Amino acid sequence: MPIVDPAVESYIASLRAPQADPVLREMERLAEERGFPIIGPEAGRLLYGLARATGARAVLELGSGFGYSALWFARGLAGGGRVHCTDRKPENRELALGFFRRAGLEERIRFEVGDALEVLERERGPFDLILCDLDKPGYVRALELAVPRLRRGGVLVTDNVLWKGRVADPSVTDEATAAIREFNRRATSHPELETAIVPIRDGVALSTRR
Ligand SMILES: C[S@@+](CC[C@H](N)C(=O)[O-])C[C@H]1O[C@@H](n2cnc3c(N)ncnc32)[C@H](O)[C@@H]1O
């Protein structure tokens, strides 16, 4: 089930000149070659805008892959800001550090290899922005741990919350879909959050701490 009508997707894509940033372009090509699920250029611009709009200096990513979403954040950070990346795969750290070096932004990344939920549990924050892009069964735990680590006015950004429309199909009951439904239910009714579900790409939730 497409979230956005394919004709509208094509229209949005047609407004864009080809990616001008050589490092982002290389990362987009690598994702395509490997079939690796990056957040993509449209949601990437949203991350950049959030970083600029909130004056972010402290960003935490849960599930950084090889650093594509982190690079969009990093480009929008205020002076002295840093993105704390996490991923369980060491090879993603090496790739991300290489991309950040080539982008001239190596001082804006810290990349920790390990379980992102363990890192989140240990970190105290406060963070201006947290991105949740983990394996889906971890989403509810990530929400619980993220809220007290966000500053007031900070935003938890969660990817894939519409999960190719499967969340809206009651016949789909697999673990990942059930976890996303539960995340959406809690995020939209959480007393400390104001959550907007933005139906771009695969659905992005923006949960602002009140
Ligand atoms: C969708 S990809 C991340 C893409 C990245 N945010 C981007 O848009 O460029 C998800 C990544 O999260 C990592 N991952 C999933 N669950 C994790 C966990 N519990 N702890 C650490 N890494 C995890 C995977 O190894 C994978 O690289």
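Good morning. I begin with the lining of the second largest pocket, which by class has eight nonpolar, one polar and six charged residues. Please bear in mind throughout that this is a predicted model.

The volume of this second largest pocket is about 290 Å³. Its lining is made up of 15 residues, and those nearest the centre are Ile12, Ala13, Arg16, Pro41 and Glu42. As for secondary structure, α1, residues 6-14, and α3 each contribute at least two residues to that lining.

Let me turn to the largest pocket. It holds about 900 Å³ of space. There are 37 residues in its lining, and Phe36, Pro37, Gly63, Gly65 and Asp133 are the closest to the centre. Sorted by class, the lining of the largest pocket comprises twelve nonpolar, eleven polar and 14 charged residues.

Which elements supply at least two residues each to the lining of the largest pocket? They are the helices α2 (22-34), α3 (40-54), α4 (68-76) and α6 (116-122), together with the strand β2 (82-87). Of the elements contributing to this lining, α2 gives the most, with four residues. Helix α3 deserves a remark here, as it supplies at least two residues to the lining of the largest pocket and also at least two to that of the second largest pocket.

What occupies the largest pocket? The ligand does: the space it takes is this very pocket. Around the ligand there are 19 residues, and those that come nearest are Ile39, Ser69, Asp87, Ala116 and Asp133. Asp133 thus appears in two of our lists, being among the residues nearest the ligand and among those closest to the centre of the largest pocket. The shell around the ligand consists of eight nonpolar, six polar and five charged residues.

I shall now go through three polar contacts to the ligand, beginning with the backbone. A backbone N or O atom of Ile39 is 2.8 Å from an oxygen atom of the ligand. From the side chain of Ser69, an N or O atom lies 3.0 Å from a nitrogen atom of the ligand. Asp87 places a polar side-chain atom 2.7 Å from a ligand oxygen atom. With regard to surface, the ligand taken alone exposes 600 Å², of which the protein buries 93%.

Finally, I wish to draw attention to two points of backbone geometry. The first concerns Gly125 and Pro126, which are joined by a cis peptide bond with omega about 0 degrees. Pro126 is located in the loop between α6 and β4, the latter spanning 127-132. The second concerns Trp163, a residue other than glycine whose phi is positive, near 45 degrees. Trp163 lies in the loop that runs between β5 (150-159) and α8 (175-189).

That concludes my presentation. Thank you for your attention.

Terms used
Residues are numbered from 1 along each chain as its sequence is written. This is a predicted model: local features need pLDDT of at least 70, side-chain atom pairs count only at pLDDT 80 or more; totals for chains, interfaces and linings use all residues. Side-chain values use heavy atoms; hydrogens and water are left out. A residue is near a molecule or strand if one of its heavy atoms lies within 4 Å of it. A polar contact is a pair of N or O atoms within 3.5 Å; within protein, one must be able to donate a hydrogen and the other to accept it, and residues adjacent in sequence count only if both atoms are side-chain atoms. Accessible areas come from the Shrake-Rupley method with a 1.4 Å probe; for residues, only the protein chains shown count as cover. On a 1 Å grid over the protein atoms alone, a cavity is a set of points where a 1.4 Å probe fits but cannot get out, and a pocket is an open set with protein on both sides within 12 Å along at least five of seven lines; lining residues have an atom within 4 Å of a point. A molecule sits in a cavity or pocket if more than half of its atoms lie within 2 Å of its grid points. Ala, Val, Leu, Ile, Met, Phe, Trp, Tyr, Cys and Pro count as nonpolar, Asp, Glu, Lys and Arg as charged, and the others, Gly among them, as polar. Grid points are joined across faces, edges and corners, and a volume is the space filled by probe spheres set on the points.
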